[in-house]
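Welcome to a short set of exercises with worked solutions. Please open the structure in your viewer and keep the sequence beside it while you work through them.

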Amino acid sequence: MTRKIWDILPPEEPSSSLKMEKPLVEEKEELPKKIKINWVWFLIPLSLIIAVIVGFQLSKVEIKIWPETKTDFSKTNLTIDTEVEKPDFENKTIPGQFLKIEESISDSFLSSGRTLKKAEGIIRLYNAYSTKSENWLAETRFVSSEGKLYKSKDKIAVPGAEIENGKIIPKYVDVPVIAAEAGEDYNIGPSHFSIFVFRGTPRYTKFYGESFEEIKGGGDSPQITTEDIENAKESVSKKAKTKAAVSLENKVTDEFVFLDDILETEIKDIFSLAKEGNEVERFNSGATVEATTIIFKKEEVQNFVKEFIFSETHEEKLLYEESLKIDYTPQIVDFESGKVVLSLSFSIKMYPDINLQLLKESLVGKSLIETKIFLEKQSEFINIEIRFWPFWVKSVPEDLNKIEIKYPIID
C-alpha cells in the first residue's frame, strides 16, 4: 500500500506570529496561609488551674460526731393556776386559762312500744222517724252490716226530719265513731249501720246510718315508752358532751396543752318532742351541753421541766431538747378554784458539753488518719465521720472557718 506524504511528515511547529489564546481561568495571587489555633489545648490547663484555685478556696473538712448520751427520767408535780399571770418555777406553778364552749345536738329515735289501736271513722246518721230533734248520749252503739260494733265518740245532736207534701224527708248528722274493740278486724269499707239500742222497736228501721269512706286505723301501732324517752335523752346528752369536748379540743392551738381528764360538762337543756304513750313511729329528742376545760402553755411546762432537770443534775451536760417527752397525769382538778395539780413524768437525753473552738484548733494540720485517731480517743464520742473536700486535700486546713463540726448527732 502506497503511503501518502502527509502520513510520514512530522507536524509543523506553530508559528510565533500566531497569537496566544488567553486562559479561561484567571490566575489569582496566592495569599499566605492563616495559622489555625486549637483552643482545647489552652482550655484544659486553664480549667485545671481554675479548679485548683476554687478547690483551694472552698476546701474544707466536715466532721460529724455522735456523742455518748444519757437519758434522764424524773417526776414532779406542777400546779396550773388560772389566778396567776406568770410562771413561778420556784413554787412549781404556771398560769392556766379557762376555755368554754356550748354545743347542741338533736336526733330521731324509734318508738319501741306497740299497742293495739281501735279503728275510727265517720257514720252519717239519718232520722226518718220524727220531726223532733233528739240528743243522744256519747258511746251510742252502731252495728255495721258486717256485724261490727262502733261507738259514737261524743254526744249526738240528732236533727228532726222534715215533712214535704205529706212525705217525711230524713235529716242527718255526721257522727265520729270508734270501734268497740282494737284490731284490724274493725277496718271496714263503706257500710250500713243500725242503732243497737233500738232493736225490736219501731225506731230500729227509722234511725239508720251509712259510711261513705273506710273506717280504718285498727290494729298494731307503734307507741313511745318511758324507756324510749329516757334512752333518747341519755343518748343525746352523751353525743352533745362528746361533740362539745371535740369542739373544745379543736379550739386549742398547738401552743397550749389540752387534757381529756381536765374537762367538765354541764347539760344546759334536754328535751323530747313527744311524750310517753304517743302512738308515733319516731320522735325527736335534743340536748345542749356546756363544756369547760383549763389549758396551759406547752412551752412553760417545757421550761419548767428543763429548769427542774438542771437543778437536779450536777453533771456538765447539755439537754437534747428534741428528745424531751412529758406525760401529764392530773392529780387534782378543781374548776371552782381554777386550779389543777399535775403529776409530770418526763425523760430527756443529755450529752457532753464540749468546746468546739478548742477541738478545731486541736485538729489543725492533722491528716485524715491522725484526725480519726485523735477523735476516736475521746471517750465522750461513740461514732465519728470525717470527710475532706476536695479529694486532694490531705490535712485539716489552718483556717478554722473551713472546719465544719456537726455536733451533736443523736439518733
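**Exercise 1.** What percentage of the residues in the protein is buried?

*Solution.* Note before starting that this is a predicted model. Count a residue as buried when its relative accessible area is under 20%. With that cut-off, buried residues account for 34% of the 411 residues. For the surface itself, the accessible area is about 28,000 Å², and carbon and sulfur atoms own 51% of that area.

**Exercise 2.** Take stock of the secondary structure and of the sequence range of the contacts.

*Solution.* The inventory comes to 7 helices and 22 strands. Next, take the contacts between residues at least 6 apart in sequence: 76% of them link residues at least 24 apart.

**Exercise 3.** Work out the strand order of the open sheet that contains strand 1.

*Solution.*
- Step one: list the members. The open sheet has 3 strands, ordered 21-1-22, with mixed pairing.
- Step two: find the edges. Strand 21 (381-389) and strand 22 (403-406) each pair on one side only, and these are the edge strands.
- Step three: check the twist. Ignoring direction, neighbouring strands here are turned by 15° against each other on average.
- Step four: look at one pair in detail. Strand 1 (residues 60-67) runs antiparallel to strand 21, and 8 bridges join the two. Within this sheet, Pro 67 faces Phe 381 of strand 21.

**Exercise 4.** Which strands do helix 6 and helix 7 meet?

*Solution.* Begin with helix 6 (residues 356-363), which lies across strand 1 and strand 22 and runs at about 130° to strand 22. Then turn to helix 7 (residues 368-376): this helix packs on the sheet, where it touches strand 1 and strand 21, and its direction is at about 160° to that of strand 21.

**Exercise 5.** Which elements supply at least two residues each to the largest nonpolar core, and what surrounds Val 301?

*Solution.*
- Step one: pick out the best-connected members. The core has 23 residues, and those touching the most other members are Ile 80, Ile 262, Phe 296, Val 301, Val 305, Leu 342 and Leu 344.
- Step two: assign contributors. At least two residues each come from strand 2 (70-81), strand 18 (282-297), helix 5 (298-312), strand 19 (317-334) and strand 20 (339-352). Strand 20 gives the largest share, 6 residues.
- Step three: zoom in on Val 301. Setting aside neighbours within four places in sequence, Val 301 contacts Leu 78, Ile 94, Phe 296, Ile 326, Tyr 328 and Leu 344.
- Step four: look elsewhere. A second, separate core holds 19 residues, among them Ile 224, Ala 240, Phe 258 and Ala 287.

Technical notes: Residues are numbered from 1 along each chain as its sequence is written. This is a predicted model: local features need pLDDT of at least 70, side-chain atom pairs count only at pLDDT 80 or more; totals for chains, interfaces and linings use all residues. Side-chain values use heavy atoms; hydrogens and water are left out. Two strands pair if DSSP finds at least two bridges between them. Helices (H or I, at least four residues) and strands (E, at least two) are DSSP runs, numbered from the N terminus. Axes are lines fitted to C-alpha atoms, for helices over the stretch in contact, and angles run from 0 to 180 degrees between N-to-C directions. Contact means heavy atoms within 4.5 Å. Buried means under 20% relative accessible area, exposed over 50%, partly exposed in between (1.4 Å probe, protein chains only). Accessible areas come from the Shrake-Rupley method with a 1.4 Å probe; for residues, only the protein chains shown count as cover. A nonpolar core is a set of buried Ala, Val, Leu, Ile, Met, Phe, Trp, Tyr and Cys residues joined through side-chain atoms within 4.5 Å.
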